[in-house]
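Thank you all for coming. I would like to take a few minutes to walk through one structure, starting with the whole and then moving to single residues.

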Amino acid sequence: MKKNTVKWLYEQLPDLVNKGVISSDAADRIRDYYGPEIQEEKKNYMTIFGVIGIILVGLGIILIMAHNWEQLNRFSRMGIAVAMLIAAQISAVAVWCFKRDKRSWKEGAAVFWMLMVGASMALVSQTYHLSDDTGAFLLAWMLLSLPILYLLQSTIVAASYLIGIGGWVANGSVPIIGKHLIWLLFGAVLPYCRQLLLAEQSVNAATIVTWIFTLSFYFSFADAFNHQIGYLGLLLFAALFAITYLLGALAQEKRALGWYRALLTIGAVGTVGISFILTFRDVWSGFGAGGLRTGESWLVTLLLLAVAYLGYLVARRKPSGSIAYIAAPFVAGVGYVLQVSDTGGLISAVLMNLFLLSFSIYMIRKGVRKGELSTMNMGMLLLGALIIARFLDINFSFVVRGIVFLALGISFLAVNWMAARRKAGASDADK
């Protein structure tokens, strides 16, 4: 049922119960069946522009101070840094006392406070010529911002924290303290993320945090386990992407709100992308250059077991639709086994090509059968990419290439036309 229809139905339930048309138990069962009401987030331009305004004000203050910074002595500089922090804290206390129920005020105060923390740290570091290690600065800034996140319950600060941790990882400062400190940093923000996803105070906010959290996790995972990722690297990430997709599928089955789409999208794109890379024979033949690293096989085994378990949970509720994503890492694993005897990688590459060909045909059939143009076009795009990739592997003439492109274009148009006619026919039948 469409979101607007569910919203209208929920609005009618109290009146129907009061008039005795249905019982309160029946109303509760209806709500359980359709899931929690999706409160379409009001276009809260106040929050958006308020946060942008706070950022501009903070940057303006920094630039004005920078104009005369060289003329100030150290005492004046320290006074300014402390004053900035005090001003941010006073504004946060004022919002907490008088505007606690106003999300836009809380977000604005939290962002201003976080900006002032970073600016004050930079000013003190520049004044006393402390270490200019960008990674250490980011780590300290993010850790000092954690209390702001929980005191003011700010989604923007949570997203900024995750981006900052990703920047710290990308800066290459992780080995100084210990690679698996990353998981402690992620764990520090998990309680807020869990609360956000369960409370669903803002569908868009939960979706944005899910996107950023998942992408930051992948960057951090690659850095934390870079000494264990080698020969089986693509298989390992194929399993990770499959797990991401299956977690999204489970959340969707439990009628979670829009944030699960981030997991589905990242998992689907990653799974298909890894599978497509493995269709090239040169990729398989290049695996022979590196050996199996310590702990790599155990890591891959654990992830494949997780895929199998999550796949079982999803398949039990939804027999079709996720099979390809469950199968992808296992098909790739079979390719790795075959590559041991066929070091040239021809058999493994053919296997992955057959797998993606079957997957694309399945998507096209599903899209045509259900009248889903987006699913059908995704299948056509995948099939087209697969054909073009194999076509470019071999030195065909321009005439043959032109025929292939013409055939693909005509196929796209024909399938879309057939699906559109089928959908129009179904609409006429409903009338």
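**The protein as a whole**

The protein exposes about 23,800 Å² of surface, and carbon and sulfur atoms supply 68% of it; accessible areas here come from the Shrake-Rupley method with a 1.4 Å probe, and for residues only the protein chains shown count as cover. Before going further, I should say that this is a predicted model, in which local features need pLDDT of at least 70 and side-chain atom pairs count only at pLDDT 80 or more, while totals for chains, interfaces and linings use all residues. Residues are numbered from 1 along each chain as its sequence is written, and side-chain values use heavy atoms, with hydrogens and water left out.

The secondary structure comes to 18 helices and 0 strands, where helices (H or I, at least four residues) and strands (E, at least two) are DSSP runs, numbered from the N terminus. Of the 431 residues, 41% count as buried, and buried means under 20% relative accessible area, exposed over 50%, and partly exposed in between, with a 1.4 Å probe and protein chains only. If we take the contacts with a separation of 6 or more, residues 24 or more positions apart account for 71% of them, a contact being heavy atoms within 4.5 Å.

**The core**

Which residues touch the most other members of the largest nonpolar core? That core has 95 residues, and the ones in question are Y161, L162, V189, F221, L236 and F237. Helix α11, residues 233–253, gives the largest share of this core, 14 residues. By nonpolar core I mean a set of buried Ala, Val, Leu, Ile, Met, Phe, Trp, Tyr and Cys residues joined through side-chain atoms within 4.5 Å.

To take one of these members, V189 touches L149, Y150, A158, Y161, L162 and F213, once residues up to four places away in sequence are set aside. In helix α11 we can also look at L240, which is buried, with a relative accessible area of 6%. Not counting residues up to four places away in sequence, L240 touches F217, Y218, F221 and L303, and its C-alpha is 8.6 Å from that of L304, although L240 and L304 are 64 residues apart in sequence.

**A patch on the surface**

On the surface, V334, L338, L346, I347, V350, L354, L357 and I361 form a nonpolar patch with about 630 Å² of accessible area together. Patches are made of residues with over 30% relative accessible area and no salt bridge (a side-chain nitrogen of Lys or Arg within 4 Å of a carboxyl oxygen of Asp or Glu), and like charges are joined within 9 Å, nonpolar side chains (Val, Leu, Ile, Met, Phe, Trp, Tyr) within 5 Å. Two helices, α15 (323–341) and α16 (346–370), each supply at least two residues of the patch, and the largest share, 6 residues, comes from α16. V334 lies in helix α15 and is partly exposed, with a relative accessible area of 42%.

**Helices side by side**

Is S120, in helix α5 (residues 103–127), buried or exposed? S120 is buried, with a relative accessible area of 4%, and, leaving aside its neighbours within four places in sequence, S120 is in contact with A81, M84 and L85. A83, which lies in helix α4 (residues 74–98), counts as partly exposed at 42% relative accessibility; the C-alpha atoms of A83 and M116 are 9.6 Å apart, with their positions 33 residues apart in sequence.

Helix α17, residues 373–393, holds A385, and G384 is found in α17 too. A385 counts as partly exposed at 31% relative accessibility, whereas G384 counts as buried at 6%.

**A loop residue and the cysteines**

Q153 sits in the loop between α6 (134–152) and α7 (155–170), and Q153 is buried, with a relative accessible area of 17%. Its phi is near 50°, a positive value in a residue other than glycine. Most residues other than glycine have a negative phi.

Finally, how many disulfides does a search of the whole structure find? The search finds 0 disulfides, a disulfide being a pair of cysteine sulfur atoms within 2.5 Å. Among the cysteines, C97 is partly exposed, with a relative accessible area of 49%, whereas C193 is buried, at 7%.
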